[in-house]
Amino acid sequence: MPFKRYVEIGRVALVNYGKDYGKLVVIVDVVDQNRALVDAPDMVRGQMNFKRLQLTDFKIYIPRVPKKKTLIEAMEKADVKNKWENSSWGKKLIVQKKRASLNDFDRFKIMLAKIKKAGVVRQELAKLKKENAS
Amino acid sequence: MALHLLIKWKGESPCFREHRFFFHLEHLMPNILNIFEKNPTKIKNYGIWLCYQSRTGYHNMYKEYRDTILNGAVEQKYTKIVSRHRVRFPCIQIFKTATIPAKLCKRDSTKQLHNSKIKFPLVFNKVRLPTRKLKTTYKASKPNLFKFSHCNEKRVNVVYGSKIFGSEHLLVC
């Protein structure tokens, strides 16, 4: 099948618009063609338009419309939080958040670290060039 | 939110009905209570029986909507009837609403969602900006609508607007 991410019960999705922006939610049921009933451990179960959701690669195994406790257990079992934070998409979001919350001193420290790293890279490059030339 | 009141005023002109509506609102119903949904986290199939006045006559209808709360279903119903039949709020009377168990639903568009193993891809994925502040008229590049559904095909003209989304899936794959 050319599609890999499906709207299905247990699909983990990221909210990309609105009040719950940035949250990972689980699709617990489908209301109709445009809306799903979503749930997360820290929010009240509610309906959300698919336009606000971006499906992820992760899926947890839950029965249709599970109890909150069941949902939380299933999420822990599937280790959604860790898997998300280790995925490239999750990592990118963490880095973005970090960057947005930097203060001037942090940015100064980053500047120094970048200069140092560039210096080390340039040294290695110079070594390789020398080896190649000789 | 649409306040749902069960009042029958059939057989009168829309103007007169509106006048009567507000008259009764003020004189006979000094206190209107908002009835909150008992289970707003549970999806229900709502059947709505209504009567509407079109340009040429009166018609009865039975419509089904899936929603978590009755007010939501009624709102859906009003907007759908406006779009499909061009009938506005004053010309519609709801005389019955009920929560219908899945077995007794009549409409295919609600029945197709009664599947415990429901599964479909999101075919048309226009990624929106997180806030309207960031919206711009022009963008540097065309949006990639299939990037996040991981379809191997190039952009295809999908006819969405069809109720049965199974057919959309077939069109694209």
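The legends below describe close-up views of a predicted model.

**View 1. Secondary structure of chain B.** Four helices and four strands make up the secondary structure of chain B. Read from the N terminus, the order of elements is α-β-β-α-β-α-β-α. The chain thus begins with a helix, followed by two strands in succession, and ends with a helix.

**View 2. Burial, contacts and surface of chain B.** Chain B has 173 residues, and 33% of them are buried. Among the contacts in chain B with a separation of 6 or more, 57% join residues 24 or more positions apart. The accessible surface of chain B is about 12000 Å². Carbon and sulfur atoms contribute 57% of that surface.

**View 3. Nonpolar surface patch on chain A.** A:Phe105, A:Phe108, A:Met111, A:Leu112 and A:Ile115 form a nonpolar surface patch of about 510 Å². One of these residues, A:Phe105, belongs to helix α4 of chain A, which covers residues 104-133. A:Phe105 counts as exposed because its relative accessibility is 54%, and the cut-off for exposed is over 50%.

**View 4. Annotated span of chain A.** An unreviewed UniProt entry places the feature "domain: Large ribosomal subunit protein eL14" at residues 45-117 of chain A. In the predicted model, the C-alpha atoms at the two ends of residues 45-117 are 47 Å apart. Helix accounts for 62% of this span of chain A and strand for 16%.

Definitions and conventions: Residues numbered from 1 in each chain as written. Chains lettered and ligands numbered in written order. Predicted model: local features only at pLDDT ≥ 70, side-chain atom pairs only at ≥ 80, totals over all residues. Heavy atoms only, no water. Buried < 20%, exposed > 50% of the residue type's maximum accessible area, 1.4 Å probe, protein only. Contact = heavy atoms within 4.5 Å. Areas by Shrake-Rupley, 256 points an atom, 1.4 Å probe, with all protein chains shown as cover. Patch = residues over 30% accessible without salt bridge, like charges linked within 9 Å, V, L, I, M, F, W, Y side chains within 5 Å. Salt bridge = Lys/Arg side-chain N within 4 Å of Asp/Glu carboxyl O. UniProt positions renumbered as here; feature names shortened; annotations may be inferred.
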